[in-house]
Amino acid sequence: MATQDGSEEVLMEAEAKPNEDEPLQENADQVDPETVSQTDGENTTTQDSSISNGDDTDENQEMVDLKIIWNKIKYDLKIPIDNTGAQLKEKIHSLTGLPPSMQKVMYKGLLHEEKTLREIKITNGAKIMVVGSTINDVLAVNTPKEVMKQEEKAEEDKKEPLCRQKQHRKVLDKGKPEDIMQAVKGTKERLPSVPLSGMFNKSGGKVRLTFKLEQDQLWIGTKERTEKVPMASIKNVVTEPIEDHDDYHMMAFQLGPTEASQYWVYWVPIQFVDAIKDTVLGKWQYF
């Protein structure tokens, strides 16, 4: 109702008028785009900031600059001087990928993990030597290069017949010796009582084989000398037919622990091949 002085109408009008200081409900959930941009910008800067050697809290600590040397590579590292040796190892891990358990860290001797760098008296510019292998290095085959080359060559040699290999061709290309014993295909004979003669050795010289069964020895004779080899010391016997002359074999006696000690004999008559192998390797045959 209106009073005589109209005060009630003024009161109702005041209640109906919105408060200009209060935001309307429909705008209460809106966010200022500029505010969002500023906030997102701050978060992105934090995530994309470059990773330092120290933690964020390192700024207020006394730091020391170190030179980490591992595997002939130098790394610069800044770290709080009150960090322990164990913490230093963790930093080295982040730099090199070398696990702490596989690190040997040296500075005037082996580093003490429980002591701080200050206690160890490490100073600015100090060189820290690190020795160790990564897990991948440990799992990798650690074979000397020369051995690898020998193995590769051996694999290549296995892919082609022995008689085609260069080291043997220079002997075989001389042709069959004129005074070689006659070969008899399709038969196996016991060792003759006389030396097997007329054959070539690897240098192309004449060689004869004498089997001294009573002494358990193989005598390898050349023009210059005769080697008396105990049969028990011969590790292996390798034979292969000679290409285009399969009634004769090339034969190697392994006199030492590796194939490098093989003594090669060429143009061994086929009928004696099995008897030679069985006799030398201790597999006796009775005819």
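Two strands pair if DSSP finds at least two bridges between them. Helices (H or I, at least four residues) and strands (E, at least two) are DSSP runs, numbered from the N terminus. Before you start, note that this is a predicted model: local features need pLDDT of at least 70, side-chain atom pairs count only at pLDDT 80 or more, and totals for chains, interfaces and linings use all residues. Residues are numbered from 1 along each chain as its sequence is written, and side-chain values use heavy atoms, with hydrogens and water left out.

**Stop 1: strand β5**

Select residues 196-201. This is strand β5, and 5 of its 6 residues are buried. Buried means under 20% relative accessible area, exposed over 50%, and partly exposed in between (1.4 Å probe, protein chains only).

Now add residues 206-212, strand β6. β5 and β6 run antiparallel and are joined by 3 bridges. Find Met199; Val207 in β6 stands opposite. The two strands form a hairpin with 4 residues between them. Click on Gly204 in the turn: its phi is positive, about 90°.

Next, select residues 262-269, strand β11. β11 pairs with β5 in the antiparallel sense, over 2 bridges. Here, look for Asn201 opposite Val265.

**Stop 2: the sheet around β5**

Show the whole sheet. Its 7 strands follow the order β8-β7-β6-β5-β11-β10-β9, the sheet is open, and the pairing is antiparallel. Which strands stand at the edges? They are β8 (226-230) and β9 (236-242); each has a single partner strand, so one side of each has no neighbour in the sheet. From one strand to the next, the twist averages 30°. Axes are lines fitted to C-alpha atoms, for helices over the stretch in contact, and angles run from 0 to 180 degrees between N-to-C directions.

Zoom in on residues 217-221, strand β7. β7 and β8 run antiparallel, joined by 5 bridges. One pair to pick out is Gly221 with its bridge partner Thr226 in β8.

Then select residues 273-280. This is helix α8, which lies across β5, β6, β9, β10 (245-254) and β11. α8 runs at about 15° to β10.

**Stop 3: the second sheet**

Move to β1, β2, β3 and β4. These 4 strands form an open sheet in the order β2-β1-β4-β3, with mixed pairing. The edge strands, β2 (73-80) and β3 (104-106), each pair on one side only. Here too, the average twist from one strand to the next is 30°.

Select β1, residues 63-70. β1 pairs with β2 in the antiparallel sense over 8 bridges. Among the residues to show is Leu66, whose bridge partner in β2 is Leu77.

**Stop 4: helix α3**

Select residues 85-96. Helix α3 lies across β1, β2, β3 and β4 (126-131), at about 140° to β2. Try the distance tool on its ends. The end C-alpha atoms are 16 Å apart, which agrees with the 16 Å that 12 residues should span at 1.5 Å a residue. The expected span is 1.5 Å times one less than the number of residues.

Which residues of α3 are buried? They are Gly85, Leu88, Lys89, Lys91, Ile92 and Thr96. Look down the axis of α3: the buried residues fall within an arc of 160°, so they line one face of the helix. The arc is that of the directions from the helix axis to the C-beta atoms. The buried residues pack against β1, β2, β3, α4 and β4; contact means heavy atoms within 4.5 Å. Just after α3 comes Gly97, with a positive phi near 80°.

**Stop 5: salt bridges**

A salt bridge is a side-chain nitrogen of Lys or Arg within 4 Å of a carboxyl oxygen of Asp or Glu. By this rule there are 10 salt bridges.

Show Lys89 and Glu113. Their closest N and O atoms are 2.7 Å apart. Lys89 lies in α3 and Glu113 in the loop between β3 and α4 (117-120), so the pair ties together parts 24 residues apart in sequence. Lys89 is buried, at 8% relative accessible area, whereas Glu113 is partly exposed at 37%.

Now show Lys206 and Asp179, with closest N and O atoms 2.9 Å apart. Lys206 is in β6 and Asp179 in the loop between α7 (166-172) and β5, 27 residues apart. Lys206 is partly exposed at 39%, and Asp179 is partly exposed at 46%.

Glu227 and Arg225 meet in a salt bridge at 3.2 Å, N to O. Glu227 is partly exposed at 35%; Arg225 is exposed at 57%.

Finish with Glu62, Asp82 and Arg118, which are linked in a network of salt bridges.
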